[in-house]
Amino acid sequence: MAAMQQNLTKMVSAQLRIKANEFLNSRKHANNLADILQMFEAETDNYTPLLLTIEVIFTELLKRGDLIQEIVPLKPIDHSAEAEYTRWLRDCYETATTRALECIKRGRSCSRRQALITTCKLLQAEGKYPMESSPGYYFPSVRLKNIFSVLLDSETAMTAPIARFQEFTEYRDVQQYGLKVLSTLAYRKSPTPMYMQNYLELMDKLLVSEIPVEIKMKVKDREEDEKEEKLLCGTDDKAPFPYNPGVCRRYANRCWGFACQWPLCEEPRTHRRALLLLVERLMPLLTRPHLATDMLCDSLDAGGPISMLALQGVLELVRRHNIDYPDLYDRLYVMFEPEMFATRYKRRLMHLADIFLSSTHLPEGLVAAFAKRLSRLALVASPEDACGLLQLVANMILRHPGLKRMICYEDSPAIMSSDPYVMEETCASNSRALGSSLWEVAALQRHFCASVSAARSPCPWPPATTAPCSMPN
């Protein structure tokens with residue numbers, strides 16, 4: 001059955017190729033274009049051959065200038081045969097783009113991705129060869145707005161088409177115009193969960209390249225960079241595209257400002273997507289990052305993976321914007337529990353904890369509680385996670401030499417039974433860690449995995465001259 005379907009697709013592709021060549025070579029086959037567009041109404045789930053055909057046809061027509069029609073104000077409409085033919089071609093072009101946009105929402109997944117590629121390629125061709133005379137740079141932002149509207153208003157997740165759109169976000173003009181267009185589509189008082197999810201994913205793709213916060217560039221350097229910039233609709237014979245990182249930053253703030261008014265925290269998947277976008281892309285770009293405090297603090301109290309993601313944003317606010325968060329270290333302390341090993345953000349949590357505990361001015365009892373808790377968790381962790389936890393404990397001891405008295409060289413039952421440390425205590429300062437020892441590390445030196453047992457030499461542990469250990473990637 002699959003082989004028959006593949007042979008049928010090849011036959012259709014060959015017929016379409018013949019019809020397209022006949023149309024492009026002679027006007028007497030103009031009806032071939034109408035026949036091709038009519039085929040979009042057929043009941044099928046594979047529109048890929050049709051999409052590739054209209055992409056070839058209209059790209060060639062735009063290059064030739066067959067769609068250009070000069071409109072002079074106050075001048076009677078030209079009803080000549082040539083003008084009527086041009087108007088008919090323009091109508092067919094509008095119909096083709098509409099059909100391609102509809103195919104993004106229906107058919108096979110490969111056909112939907114090809115529909116997105118076709119619409120973007122036609123946008124590129126129209127930008128390079130405009131249908132109206134344009135002496136300078138031209139970007140058909142209306143076409144991009146139509147693409148975004150289809151991606152956002154879909155009743156299903158558009159993860160695959162949006163991921164395919166990422167190959168176009170490396171172009172500077174797509175980044176700038178994309179954020180501008182997205183900001184005009186963001187004003188919705190009650191968006192659906194699917195709309196919010198598609199919106200956040202699309203915004204994440206547009207921010208894939210880092211936008212400089214400060215622009216300090218000489219004129220000569222700016223001219224050299226403009227030559228190296230990749231433009232989707234740029235040509236050598238037109239004025240260069242006026243890319244402005246400050247404009248991109250302003251539109252990014254506007255997009256996020258609208259999104260903040262939505263109920264992002266009600267749906268767990270949307271909540272995680274919003275936090276990832278905020279902490280990984282938007283925090284350096286926000287003009288008023290303190291407005292994200294409420295969302296980050298509420299997320300930090302949510303528990304689980306949501307708290308781990310929010311921790312990075314809170315760290316940014318504390319370090320760079322002097323925002324105080326009560327009981328921050330106690331919140332970080334209780335995040336280290338056996339359930340953390342089942343999340344995909346466990347390595348992020350260990351890395352952030354290393355940053356939070358990097359100060360040498362922290363109370364010794366607080367750091368001792370973290371060292372003890374991480375050592376206890378290393379007993380039940382996988383070998384890879386145990387190595388990461390041991391490296392983190394080693395960093396704490398090297399930064400706080402007073403904790404060396406906790407180093408234990410034996411793990412006898414007597415020591416284990418008389419351990420005063422309270423693992424269930426949620427307040428790090430009340431866990432009585434300073435009166436305990438790190439017998440867990442001594443036990444791990446007999447671990448079955450060589451990478452764990454050899455993580456630190458038994459005597460002395462750790463070496464006093466060793467620099468703080470870096471977190472594993």
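In this predicted model, the largest nonpolar core comprises 144 residues, and the members touching the most others are Phe58, Phe148, Phe165, Tyr199, Trp256 and Phe336. Helix α17, residues 364-378, gives the most to this core, contributing nine residues. Phe336 illustrates how such a member is surrounded: beyond residues up to four places away in sequence, Phe336 touches Leu349, Met350, Ala353, Phe370, Arg373, Leu374 and Leu377.

Another of these core members, Phe58, also takes part in the packing of two helices. Helix α3 (residues 48-64) and helix α5 pack with their axes 9 Å apart and at an angle of about 5°. Because of that angle, α3 is roughly parallel to α5. On the α3 side the contact involves Thr48, Leu51, Leu52, Ile54, Glu55, Phe58, Thr59 and Leu62, while α5 supplies Cys110, Ser111, Gln114, Ala115, Thr118, Lys121, Leu122, Ala125 and Glu126. An α-helix has 3.6 residues a turn, so residues three or four places apart point the same way.

Helix α5 spans residues 109-128 and also holds Arg112. This arginine is buried but has no salt bridge; Glu201, the nearest side chain of opposite charge, is 9.9 Å away. Apart from neighbours within four places in sequence, the contacts of Arg112 are Cys103, Ile104, Lys105, Arg106, Gly107, Thr156, Ala157, Met158 and Pro161.

Elsewhere, charged side chains do pair, and the model contains 26 salt bridges. Three of them are set out below.

| Pair | Closest N to O distance |
|---|---|
| Arg143 and Glu94 | 2.7 Å |
| Asp204 and Arg281 | 3.1 Å |
| Arg399 and Asp354 | 3.1 Å |

The pair of Arg143 and Glu94 links distant parts of the chain, 49 residues apart: Arg143 belongs to helix α6 (residues 141-152) and Glu94 to helix α4 (residues 81-103). Arg143 counts as buried because its relative accessibility is 15%, whereas Glu94, at 35% relative accessible area, is partly exposed.

Asp204 and Arg281 form a salt bridge that ties together parts 77 residues apart in sequence, since Asp204 lies in helix α9 (residues 193-206) and Arg281 in helix α12. Asp204 is buried, with a relative accessible area of 8%, and Arg281 is partly exposed, with a value of 26%.

In the third pair, Arg399 comes from helix α18 (residues 383-399) and Asp354 from helix α16 (residues 346-356), so parts 45 residues apart in sequence are tied together. Both Arg399 and Asp354 are buried. Salt bridges with shared partners also join Asp204, Lys205, Arg273 and Arg281 into one network.

Helix α13, residues 293-300, has six of its eight residues buried and is therefore largely enclosed by the rest of the structure. These buried residues are Thr293, Met295, Leu296, Cys297, Ser299 and Leu300. Their cover includes α11 (245-259), α12 (268-282), α14 (305-321) and α15 (328-335).

Two residues outside the helices deserve mention for their backbone angles. Asp327, in the loop between α14 and α15, has a positive phi of about 55° although it is not a glycine. Arg432 is likewise not a glycine and has a positive phi, near 60°. Arg432 is found in the loop between α19 (413-417) and α20 (439-444), where this residue is exposed, with a relative accessible area of 54%.

Terms used: Residues are numbered from 1 along each chain as its sequence is written. This is a predicted model: local features need pLDDT of at least 70, side-chain atom pairs count only at pLDDT 80 or more; totals for chains, interfaces and linings use all residues. Side-chain values use heavy atoms; hydrogens and water are left out. Helices (H or I, at least four residues) and strands (E, at least two) are DSSP runs, numbered from the N terminus. Buried means under 20% relative accessible area, exposed over 50%, partly exposed in between (1.4 Å probe, protein chains only). Lys and Arg count as positive and Asp and Glu as negative; His and the chain ends are not counted. A salt bridge is a side-chain nitrogen of Lys or Arg within 4 Å of a carboxyl oxygen of Asp or Glu. Contact means heavy atoms within 4.5 Å. A nonpolar core is a set of buried Ala, Val, Leu, Ile, Met, Phe, Trp, Tyr and Cys residues joined through side-chain atoms within 4.5 Å. Axes are lines fitted to C-alpha atoms, for helices over the stretch in contact, and angles run from 0 to 180 degrees between N-to-C directions. Angles under 35 degrees count as roughly parallel, over 145 as roughly antiparallel, 65 to 115 as roughly perpendicular and the rest as oblique.
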